[in-house]
Amino acid sequence: MGEAWKRGIECETCGGWFHASCQNIGTQTYSDLGASDVRWYCELCNAPNYSTVSYDLYDVESEIFDHDAASGGNFTFCSDDSFHPTHSSTPTRQSQQNKNLNRPIRILNVNFQSVRGKVPELDNLIQSLRPDIILGTETWLETPEISSSEIFPTGYTKVYRKDRNKYGGGVLVAVSDLLEATMETSLDRDCEIVWAKVKLRGKRDLLIGSYYRPHEGLQESLKEMAESVRLACQSRNAIVVLGGDFNLPDWDWKEKVLKPGSSYPNIHRQFIDIISDLGMEQIVEKPTRGENTLDIIVTNHPSLFPRIEIVPGLSDHDIPYAELQISNARVRQKERQVMCFNKADWDSLRKATKELTDSILSTHADKPDVEAVWSDLKTGLQERVQEFVPSKKIRARKSPPWINHKTLQLIRRRDKIHKKYKKTGRQDLFQEFKSLKRKVQRQLRQQYWSHVQGLITEDCHDQPKPTKKFWTFIKSKRNEITGISPLKKEGKLVTDDKERAEILNHQFQSAFSSREDLTIEEFKLRTQMPPPNPNQPLLEDITITTFGVEKLLQNLDPTKASGPDQISPRVLKEVATELAPSLAFLYQASLDNGIVPDDWKCAHVCPVFKKGERYKAENYRPISLTSIPCKLLEHILVSEIMKYCEKHDILCTQQHGFRKGRSCETQLLGLVDEVSTTLENGHQEDLLVLDFSKAFDKVCHSLLVYKLQHYGIDGKVNAWIRDFLSNRKQAVIVNGTRSEYVSVESGVPQGSVLGPSLFLLFINDLPAGLSSTARLFADDTACQKVIKVARDQDLVQEDLHKLALWEQKWIMSFHPEKCITVHMSRSRKQMEREYELHGHKLKACDQVKYLGITLTRDLKWSPHVTNITNKANRSFGFIRRNIKVNSIAIREVAYKALVRPTLEYSSSVWDLYTDKDIMTIEKVQRRAARWVCQRFRQTSSVGEMLESLQWETLQQRRKRARLITFFKIHHGIVTVNTSSPPTVKRQTRLTRNVHPLTYVIPRCRTTYRQMSFFPRTILEWNSLPAETVTVPSIAAFREKMAHLN
């Protein structure tokens, strides 16, 4: 229960104090509060309190009020505002945070019998009991279909599973985020068992596992389990705990004897021998299913478990609850300071910002010092924000918001009956308990899904498109593991936030290339670049306008994160008009002087997991959070630089990354068109997909600056970029803990606005001098060449040598182990050749994934269809499990947002023509239509459902997408690089069936060429009405196409 001292009690949940005399608590009542079987409820947080830290947070019988009535007490809560116990009568309280950190570790041993269908009940169980560790059996999950984040609420991201399938079996160990834990794979054996290691601060480790033996007579599983436990017990000074469903019904754990008539007496005795030999004891004595004790817990330290109880379960098994008397095991949950923008005094802030702007303009008008201007602006704005925008400290919410008071009362009644039944064994109480259990389950599910529907319906009920709340909900369910896992350093796993931040920071720093400060003469000698075009003008100096800055401020996304200067984009957006003059003044001074404030060179790095082992620091990608005001100036520079490059054709035509009118789709269209033409002509085309190693991090700053000069980006802009790249520093943030800053010796900041454009210019000359066609999308590189004779493959190898020289010259590096070669041909006899890079033979494959599309050696699309339908089916299974709402509109939004885009990515490139592939994809949509309409009978017509939903077939949508893409190509909105671009046919006479924009149809001998993008789409384009193809805009063309369909 709450603490009592000199006639005062404290709520163990919220820390609120009740003074005996102030609350008029009688002597009998106060005495009863010290009894072990009495509970009372806090009026502030409505949380139950117990005389000791009890399992029975479910059991909420409020005997306290009966005692008060008998003793004449009037037990009411006094808030902190109106009541403060005096120093003479009230102890110095231990903070609630420290108290929660020091309480015993609560362990639940749960038999789920399909956990994915019991999410609301599990949420309520966790909210009520606040367990630190959950041992689960019979999860009935199938990896990797269902992520743990779909099942467990916030606060339980460390879920270690060993799944069987969705029809039975499966075990898990779920550990609260307040504990430091890792999965212990070294104890895994050929049975359904999974282990976790929990770090106990200043004490021994806790090895805790979950085990399931599916059949009473299964002996092999018992042997494997014994070997696993034996290894666990060999860990020095470890506390070993193993729970689960052992399926040993014939052993009486209270009397320690075998029950009469046992079917498998030898197996029961064998288990007893095993735990005896290992010095372990079984600590659950009460029945967990009927009269049998199936769900048990064995440990080598039974004395550390002072309390073992049984609570109502989620299946026909009750749940053993155990408390491990180990304190100081939890990590302190950090508070976050957040702004309450909905309570801000925006009018006063705008007025104060206007005064700040006037002060800056008058103070620094004569000779602006960039650093001083920025310091005054930043400090002044932060002070005004602190004055007019309130803030608060928050932690993660613990209790589900969807459980109302009525349901809580029903839960209390259910658990009161359960407790009475356990004491008396009366069957009438058992039947009443079962009835109440079903009713609670029904209400919990209804309220949970009503809450979910409210979350994702609030904004998108009247509009058929996904909203921010929708994506927030999806993200919360999709995140398998949030944050940073424990990282391995020198063979040991590190869990401390500061240490992990330092490990990641040094890993990111190791990717930088060595710093080289070259002169212009050394640059020319090293790179041997051809002289620049003498007729090409230099980039003109940029003039900053207040109007342009204000427009950028007004277009900011207020939900984005702030940078190291802690200036929120929401604030900048709200005071755009008042702040724009001072920012424009600062930007112009910064450009004119070539000086970048130090704060703008500082980056806070957020590590993002890529793939592979989570404990390896090299499997994380750095994303930099930089100053928002700096990003606005970067926007201005990028706009001017890209306009200059496009105007003077500086960027190579093969580069399709980060450029207007170019995309993954346009790059793929050109590549596939070239390959299909080659194959139809009976030749072979060798495709090499090359992988750079840490390309963005290895850009040499001095080489980049001189390369910009070579391309005509000189003067003030070049000086500003030089200073922008010099003396940069970064720190890694892990759970709010920052590492020490380290210098950034190379690279363009990932997460900045200017970085991608600088990288395009740095890599721009890579295709020069190659006999192969090099296609680029940022650093994704593909080289293709038609192979007619062996000499052509020799030229490809020479190109690889040239690329090796290029990377050496520019201090970049390819990753040969990840480079792939595909010999693309439909001929039975291929010209095989092993290509080499850095002496490493490149891997040859029959297919390769490039820019999200699976390309095969014979240019067939069946493997790609298989890949995208598998991915779409996984997404469809995800929304079916997590969006069980009554609204057809919400289900339709979910399908269109999460499933259909997977089936239509770059569909213009691979639009299908075989019935088998077409039907494979259409089946996904047809299944989705049944789910959206909730009509699953075999006699129900899917065609009628599609018609009622007004869904076109995916084949029709792909056709329209191709025609829209061709419309963009015709009007020069997008660019596709191909050796034989389409040409408009000269018309001597126009007829009803011939419009003035008719194109020449390429001649095709094969079906795969005829069904490729240009031949197929031109034929359909030519058949469109003249009034459709001659419309002036994409929007008008889309509308015309919709009417045609």
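Across the whole structure, a search finds 26 aromatic pairs, and the model examined here is a predicted one. One of these contacts joins Phe 152 and Tyr 156 in a tilted arrangement, with 6.5 Å from centre to centre and 35° between the planes. Both partners are out of the solvent's reach in the sense used here: Phe 152 is buried, and Tyr 156 is buried as well.

A further tilted pair is formed by Phe 967 and Trp 1021, whose ring centres are 6.4 Å apart and whose planes make an angle of 50°. This contact links distant parts of the chain, since Phe 967 belongs to helix H29 (residues 954-970) and Trp 1021 to helix H31 (residues 1013-1022), 54 residues apart. How accessible are the two rings' residues? Phe 967 counts as buried because its relative accessibility is 1%, under the 20% cut-off. Trp 1021 has a relative accessibility of 0% and therefore counts as buried too.

Aromatic contacts also come together in a group. Tyr 211, Phe 246, Trp 251, Trp 253 and Phe 271 are linked by ring pairs into a cluster.

Charged side chains meet aromatic rings as well, and two such cases are worth a look. The charged end of Lys 488 sits over the ring of Tyr 615, at 4.5 Å from the ring centre. With an arginine in the charged role, Arg 722 places its charged end over the ring of Tyr 706, 5.5 Å from the centre of that ring.

How values were computed
Residues numbered from 1 in each chain as written. Predicted model: local features only at pLDDT ≥ 70, side-chain atom pairs only at ≥ 80, totals over all residues. Heavy atoms only, no water. Phe/Tyr/Trp six-rings, centres within 6.5 Å; stacked < 30°, edge-to-face > 60°. Buried < 20%, exposed > 50% of the residue type's maximum accessible area, 1.4 Å probe, protein only. Helix = DSSP H or I, 4+ residues; strand = E, 2+ residues; numbered from the N terminus. Lys NZ or Arg CZ within 6 Å of the ring centre and 35° of its normal.
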